Amino acid sequence: MSFGEAQIAFLEPGRVIARDLRHSQAEQRYYCFGRESEGILTVRFTYRGNIIRIIGAGFWRRGRKLYEAHSKVHR
């Protein structure tokens with residue numbers, strides 16, 4: 001998966017943003033869960049200044065459960 005494809009999760013109206021509480025406190029990290037044509041995409045990211053730095057992305061079962069539980073847009 002390319003980082004361009006990972007950006008799709010951020011554009012989805014029902015996306016869910018959550019803090020990554022397991023990561024080091026030296027740098028805040030987050031998850032973005034968003035619907036994509038193949039399913040629910042989970043993107044790990046951080047902020048570096050005014051820029052979002054994508055760390056990784058994939059289709060995770062746990063991400064789908066969190067998205068479905070917290071998304072404000074239901075289909």
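This text walks through the salt bridges, the aromatic pairs and the main pocket of a predicted model. Local features need pLDDT of at least 70 and side-chain atom pairs count only at pLDDT 80 or more, while totals for chains, interfaces and linings use all residues. Residues are numbered from 1 along each chain as its sequence is written, and side-chain values use heavy atoms, with hydrogens and water left out.

Side chains of opposite charge can pair when their charged atoms come close. Here a salt bridge is a side-chain nitrogen of Lys or Arg within 4 Å of a carboxyl oxygen of Asp or Glu. The structure holds three of them. In one, R44 pairs with D20, with the closest N and O atoms 3.1 Å apart. R44 lies in strand β3 and D20 in the loop between β1 and β2, 24 residues apart; strands are DSSP runs of E with at least two residues, helices runs of H or I with at least four, both numbered from the N terminus. D20 is buried at 8% relative accessibility, whereas R44 is partly exposed at 21% (buried means under 20% relative accessible area, exposed over 50%, partly exposed in between, with a 1.4 Å probe and protein chains only).

E27, R29 and R48 are linked in a network of salt bridges. E27 meets R29 at 3.2 Å, N to O, and R48 at 2.7 Å between the closest N and O atoms. Because R48 is in strand β3 and E27 in the loop between β1 and β2, this second pair ties together parts that are 21 residues apart in sequence. E27 is buried at 19% and R29 is buried at 16%, but R48 is partly exposed at 40%.

Strand β3 also takes part in aromatic contacts. Rings of Phe, Tyr and Trp (its six-membered ring) pair if their centres lie within 6.5 Å; planes under 30 degrees apart are stacked, over 60 edge-to-face, and the rest tilted. The whole structure has five such pairs. The centres of Y30 and Y47 are 5.5 Å apart and their planes stand at 70°, so this pair is edge-to-face. Both residues belong to one aromatic cluster with F10 and F45.

The largest pocket is lined by nine residues named here in full: A18, R19, D20, L21, R22, Y31, F33, R62 and L66. D20, in the salt bridge with R44, is thus one of the lining residues. A pocket is found on a 1 Å grid over the protein atoms alone, as an open set of points where a 1.4 Å probe fits, with protein on both sides within 12 Å along at least five of seven lines; lining residues have an atom within 4 Å of a point.
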